[in-house]
Amino acid sequence: MCGIIGIYNAGGLEASLTSYNMLHALQHRGQDGCGLAAYTGDSVFLQKNLGLVNDVFDRSELPMFDEARLLLGHVLYTPRNAHNVLDTQPMVMYGRDGFMALGHNGQLVNGAALCDQLQKEGHLFQTKSDAEIFLHLIARETAKTTDFVAGIRTAINQARGSFAITMMVPDKIIGIRDSLGMRPLAIGRLDDHWFLASESCALDAVHAKLVREVEPGEIVVIDRDGLHSYLSPALPTVKKMCVFEYVYFARPDTEIDDISVYSARYHSGQALAAMAPVEADIVAGVPDSATPAAMGYAQASGIPFAQALIKSPYTGRTFIEPGQKQRERTVLLKLSPVRSQVQNKRIILVDDSIVRGTNSLLIVNLLRHAGAKEVHMRIASPPVRFPCHFGINTPSTDHLIGAKRSIEEIRKCINADSLAYLHEEALYKAVLGSVAKGVGNEFESVNGNGSFCMACFNGSYPMSIDS
């Protein structure tokens with residue numbers, strides 16, 4: 001659930017502002033901390049701390065990064081309530097051949113086992129981060145061979161789980177994506193400058209062109225000669241991209257694997273209207289992630305779309321707050337009902353998902369207190385019934401309202417007049433039908449029904465989750 005960037009500055013790029021803007025565009029992926037590592041050709045600068053991008057980086061200090069030839073950035077989300085500056089990334093280490101910096105997005109299912117193995121070999125760890133595990137693995141394996149990329153391949157083949165990685169070594173930026181493509185990683189270009197980013201919206205923020213995604217299992221190396229691709233022919237051909245990126249996590253203006261996130265959500269709303277109609281006066285969405293789905297529902301149903309809730313721009317995302325009490329406080333701080341739109345109205349309220357259910361109850365009650373006559377909840381994804389082991393913060397089954405209760409029981413828990421969810425097959429078709437570049441048939445024929453990981457909805461994990 002983190003955000004990562006990498007920049008190859010061919011010369012003349014305003015590197016400090018470019019990296020700042022890219023990290024700021026990915027702030028929704030992590031609010032706990034952030035960092036930036038820069039290589040000038042002579043030395044490595046590293047600045048990181050807890051907090052948001054605009055808290056950690058003082059604009060008056062940013063010009064120190066302008067001479068950087070290579071930059072690596074990260075915004076951190078950690079599901080642990082207790083974290084410190086050591087958890088922030090990029091992480092920078094030094095060995096016989098110089099420095100190695102790394103930023104990571106994802107989660108290993110065998111991380112504990114790998115850490116235990118490395119500790120038995122004498123490796124010391126400062127954190128419990130998967131990023132540090134990757135650094136030790138890659139340093140160990142690349143020291144055994146003169147083929148640096150082959151060493152990386154040997155290292156990452158020992159890891160099981162989801163990961164997108166950006167690395168920086170002298171004169172090179174490296175991007176790595178897990179063999180199932182569960183976490184996104186985009187390649188961008190502006191003139192002779194190259195970029196890596198978790199989402200294409202970070203490329204848009206600096207006017208870079210989206211070239212393509214890093215392919216599942218691919219290692220890309222960017223140096224003075226451009227982009228070099230290393231893709232193992234033995235890799236599986238089925239993608240398992242996390243569907244929750246399209247449902248909630250990615251920004252609506254992002255494209256991932258040629259699929260428009262905005263269109264995926266809009267089409268999900270249209271499908272939801274056909275599947276679960278109800279008489280009402282207005283359709284509204286829980287801002288911001290559910291707004292496109294609400295617009296799609298309104299268009300398909302013919303019921304007017306209205307803004308029933310206003311979101312404060314000065315609060316973060318409740319889903320990635322570290323504790324339930326903090327999430328509830330943030331809901332009350334960030335959302336306000338528009339009484340003129342709500343009073344005496346029957347409202348269809350569209351949201352992207354229900355995880356714990358407590359936030360939905362708060363939001364429904366906000367509308368009722370503002371005078372709503374009826375509140376009908378429509379969810380643009382299936383019930384979340386299973387925990388995610390690959391980086392999305394859906395907690396243990398004990399805390400998932402969809403795992404323990406029927407839809408009618410959930411409706412009562414959140415105080416809604418009615419409740420309906422989008423079916424799994426309809427979500428799949430809505431997302432797959434949103435291919436941005438008109439290659440839907442090709443995407444489907446290559447990947448078939450295996451295109452997405454939907455384990456949080458159906459429990460069908462793409463790999464064993466035992467370490």
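Hi everyone, let's start with helix α1, residues 15-25, which is mostly covered, with eight of its eleven residues buried. This is a predicted model, so please hear everything today in that light. The buried residues of α1 are Ala 15, Ser 16, Thr 18, Ser 19, Tyr 20, Met 22, Leu 23 and Ala 25. What do they pack against? Their partners are the strands β1 (3-8), β2 (33-39), β4 (70-76) and β10 (193-197), together with the helices α2 (53-56) and α6 (200-204). As a reminder, an α-helix has 3.6 residues a turn, so residues three or four places apart point the same way.

Now let me step back to the whole chain. We have 17 helices and 23 strands here. The radius of gyration is 22 Å, close to the 23 Å from the globule rule for 467 residues, so the chain is as compact as a globular protein of that length. Along the principal axes, the C-alpha trace spans about 70 × 50 × 45 Å. Of the 467 residues, 57% count as buried. If you take the contacts between residues at least 6 apart in sequence, 70% of them join residues at least 24 apart. As for the outside, the accessible surface comes to about 18,500 Å², and carbon and sulfur atoms account for 49% of that.

On to the empty space inside. How many cavities of 30 Å³ or more does a search of the whole structure find? The search gives two.

The largest cavity holds about 100 Å³ of space. Its lining consists of Met 182, Arg 183, Cys 242, Val 243, Phe 244, Cys 388, Phe 390, Ile 392, Cys 453, Ala 455, Cys 456 and Tyr 461. Sorted by class, that lining has eleven nonpolar residues, no polar ones and one charged residue. If you would like to find the charged one on your screen, look for Arg 183 in the lining.

The second largest cavity has about 60 Å³ of space. Around this one you will find Tyr 246, Val 247, Ala 264, Arg 265, Ser 268, Ser 289, Ala 290, Ala 293, Asp 352, Ala 380, Leu 427 and Val 431. By class, the lining of the second largest cavity has eight nonpolar, two polar and two charged residues. Which helices each supply at least two residues of this lining? They are α7 (244-249), α8 (261-275) and α15 (424-432). Helix α8 gives the most, with three residues.

Let's stay with α8 for a moment, since Met 275 also sits in that helix. Is Met 275 buried or partly exposed? Its relative accessibility is 32%, so Met 275 counts as partly exposed. Setting aside neighbours within four places in sequence, Met 275 is in contact with Tyr 421, Leu 422, His 423 and Ala 426. For a sense of distance, Ile 174 is 101 residues away from Met 275 along the chain, and their C-alpha atoms are separated by 45 Å.

A second residue to click on is Leu 231, in strand β13, residues 226-231. Leu 231 has a relative accessible area of 47%, and so is partly exposed. Not counting residues up to four places away in sequence, Leu 231 touches Arg 153, Glu 215, Pro 216, Gly 217 and Glu 218. Arg 251 is 20 residues from Leu 231 in sequence, and the two are 28 Å apart in space, C-alpha to C-alpha.

Finally, some backbone geometry for the loop enthusiasts. Most residues other than glycine have a negative phi, and most peptide bonds are trans. Here are some exceptions. Gln 89 and Pro 90 are joined by a cis peptide bond, with omega about 5 degrees, and Pro 90 is in the loop between β4 and β5 (91-95). The bond from Pro 287 to Asp 288 is also cis, with omega near 0 degrees. Asp 288 is in the loop between β17 (282-285) and α9 (291-301).

Then come the positive phi values. Asp 258 has phi near 70 degrees and lies in the loop between β15 (255-256) and β16 (259-260). Asp 258 is partly exposed, at 28% relative accessibility. Asn 415 has a positive phi of about 65 degrees, in the loop between α14 (407-414) and β22 (418-421). Asn 415 is partly exposed too, with a relative accessible area of 33%.

Thanks for listening, everyone!

Definitions and conventions:
Residues numbered from 1 in each chain as written. Predicted model: local features only at pLDDT ≥ 70, side-chain atom pairs only at ≥ 80, totals over all residues. Heavy atoms only, no water. 1 Å grid on protein atoms, 1.4 Å probe; cavity = no way out; pocket = protein on both sides within 12 Å on 5 of 7 lines; lining within 4 Å. Points joined across faces, edges and corners; volume = space filled by probe spheres on them. Nonpolar A, V, L, I, M, F, W, Y, C, P; charged D, E, K, R; others polar. Helix = DSSP H or I, 4+ residues; strand = E, 2+ residues; numbered from the N terminus. Rg over C-alpha atoms; globule rule 2.2 N^0.38 Å. Buried < 20%, exposed > 50% of the residue type's maximum accessible area, 1.4 Å probe, protein only. Contact = heavy atoms within 4.5 Å. Areas by Shrake-Rupley, 256 points an atom, 1.4 Å probe, with all protein chains shown as cover.
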